[in-house]
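Colleague: I haven't seen this one before. Can you walk me through it?
Modeller: Sure, have a look first.

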Amino acid sequence: MGGGTDSATKAAQKAEDERRAQAKAATSSINGIFNSDSRKKQIADFLSADRTLYRTDLDKQKHKADLNTKFAMARSGLTGGSQDVDANADITNSYNKGLIDAERRAQGAASELSAADQQARLNLISMAQNGLDNTTGQQQSLEALQSNLSLAKQKSATDGIADVFASLTDWYKKSQQAKEARQTTKYGFGSLYAPMDGNIAVNTPGYT
Amino acid sequence: MIGLIVALAAAAAQQYQAHQVAVKQDKTAAQGIKQQSALRQESNSALQQRLLKLQQSNPDDAITQKKTGYLDQLQRARMVANQGLQQNSGYSDAYNSYADTVTNRENTSGTDLADLMSRIDGPTAQRQAEGFDTADLGTQFEDVARKSQGAGFLTKLKVNGIHSNPWLGLLTEAAGSWGSNYAGRNAPGGP
């Protein structure tokens, strides 16, 4: 009778089986890539770099705060006193807070990178499945691109940490102002025009 | 008897013709499906290439590129950066020695910072590049989808265009009618 009439059905079945197999293989490959040790290592290294950046910044700030406090105490004659201990306790407290904040920021930045990877993974799986279906993948690819580009906008990865020891600046400034005030009056002694406040310990060079 | 044979032959011919049409339509549809499969292979090939590239993707090149840029910038600005730490013959040896130590320390600090920033910016740049590649894959999919739509439309036109031969249909119908009439007229007890 000139052949059967089920070759289209067979071809469609074969095509569908192939499509499913390809989509399954692609999904598995994509998951494998994004869950690989290599990706985890990339994110771990990113976290480590972020952590070191913040820590270096914080340590520099602490070094400056230590020096400022040391000189402020010395200027005020409070070195070795309870005020000295309290000021250093403040530094320790601020430093600890800064450490936690730095760690949070570093982990937050790493999480954003990881989330971008997961978003890219899901978009690519969706694209692969739709693309193998010979339907449009364009919109999703643009979404994927948008997701990856928005990563560039995230600032948390490289923003410096704020001045952790800002609360101590006030103390340092006051000691500086006191120093300047002393300088102004110190050398006024003996001058006809300069004011004298009568404090001989302050106004007489070499007098202790 | 002759009328019956002619009527049966006409019916068989009609049936045969209908079957031939169905077979042709089936073959054309199957051909269209195979064509779609070939297009899907094209998409799959693009996808496999993309996945291979993604598998090999790492931030090393981006890190190196960023770091080179940062270090170049530091190198160009080094004179300006270290202006306040220059050796001065009018100052004490202790000052000059300390200034030297600090200069080296700060230069190392700049290099370390370049290293850290490139390790932070590198993976971000890598992912941006991956995003561009994925968008490119989407464009390739879109191209295949257009071809697929065009091929599907043509297949539909081809399938719809397959009809039985009208002259042959007319002939078999006429023969069938004649055979039926003839058989009716010559049947026992007929007119």
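Modeller: Start where chain B meets chain A: four salt bridges cross that interface. Keep in mind that this is a predicted model.

Colleague: Which residue of chain A does Glu130(B) meet in a salt bridge?
Modeller: Arg39(A). The two side chains come to 2.3 Å, N to O.

Colleague: And how many residue pairs are in polar contact between chain B and chain A?
Modeller: The count is 14, taking pairs with both residues at pLDDT 80 or more.

Colleague: Which elements of chain B give two or more residues to the side that touches chain A?
Modeller: Helix H1 (2-56) and helix H4 (93-160) of chain B. H4(B) gives the most, with 26 residues.

Colleague: What is that side made of, by residue type?
Modeller: It divides into 22 nonpolar, 19 polar and nine charged residues.

Colleague: How many residues does each chain bring to the contact?
Modeller: Chain B brings 50 residues and chain A brings 52. About 4200 Å² is buried between them. Carbon and sulfur atoms give 63% of that area.

Colleague: Which three residues supply the most of what chain B buries against chain A?
Modeller: Arg40(B), Ile120(B) and Arg127(B). Together they supply 18% of the area on chain B's part.

Colleague: Let's switch to the cores. How many residues are in the largest nonpolar core?
Modeller: It has 17 residues. Those with the most contacts inside it come from both chains: Ile30(A), Phe34(A), Leu124(A), Leu47(B), Leu51(B) and Leu137(B).

Colleague: Which helices supply at least two residues each?
Modeller: In chain A, helix H1 (7-34) and helix H3 (82-132). In chain B, H1 and H4. H3(A) gives the most to this core, with six residues.

Colleague: What does Phe34(A) touch, beyond residues up to four places away in sequence?
Modeller: In chain A, Arg39(A), Asp117(A), Gln118(A), Ala120(A), Arg121(A) and Leu124(A). From chain B, Leu54(B).
Modeller: Apart from that core lies another, of 13 residues. Among them are Leu47(A), Ala49(A), Ala109(A) and Ala110(A).

Colleague: New topic: Ala7(B). Is it buried or exposed?
Modeller: Ala7(B) counts as buried because its relative accessible area is 18%, and the cut-off is under 20%. Ala7(B) sits in helix H1 of chain B.

Colleague: What is Ala7(B) in contact with, leaving aside neighbours within four places in sequence?
Modeller: Gly176(B), Gly179(B) and Ser180(B).

Colleague: And how far apart are Ala7(B) and Leu154(B)?
Modeller: They are 147 residues apart in sequence and 38 Å apart in space, C-alpha to C-alpha.

Methods: Residues are numbered from 1 along each chain as its sequence is written. Chains are lettered from A and ligands numbered from 1 in the order in which they are written. This is a predicted model: local features need pLDDT of at least 70, side-chain atom pairs count only at pLDDT 80 or more; totals for chains, interfaces and linings use all residues. Side-chain values use heavy atoms; hydrogens and water are left out. Contact means heavy atoms within 4.5 Å. Buried area is the accessible area (1.4 Å probe) that two parts lose on being put together, summed over both. A polar contact is a pair of N or O atoms within 3.5 Å; within protein, one must be able to donate a hydrogen and the other to accept it, and residues adjacent in sequence count only if both atoms are side-chain atoms. Helices (H or I, at least four residues) and strands (E, at least two) are DSSP runs, numbered from the N terminus. Ala, Val, Leu, Ile, Met, Phe, Trp, Tyr, Cys and Pro count as nonpolar, Asp, Glu, Lys and Arg as charged, and the others, Gly among them, as polar. A nonpolar core is a set of buried Ala, Val, Leu, Ile, Met, Phe, Trp, Tyr and Cys residues joined through side-chain atoms within 4.5 Å. Buried means under 20% relative accessible area, exposed over 50%, partly exposed in between (1.4 Å probe, protein chains only).
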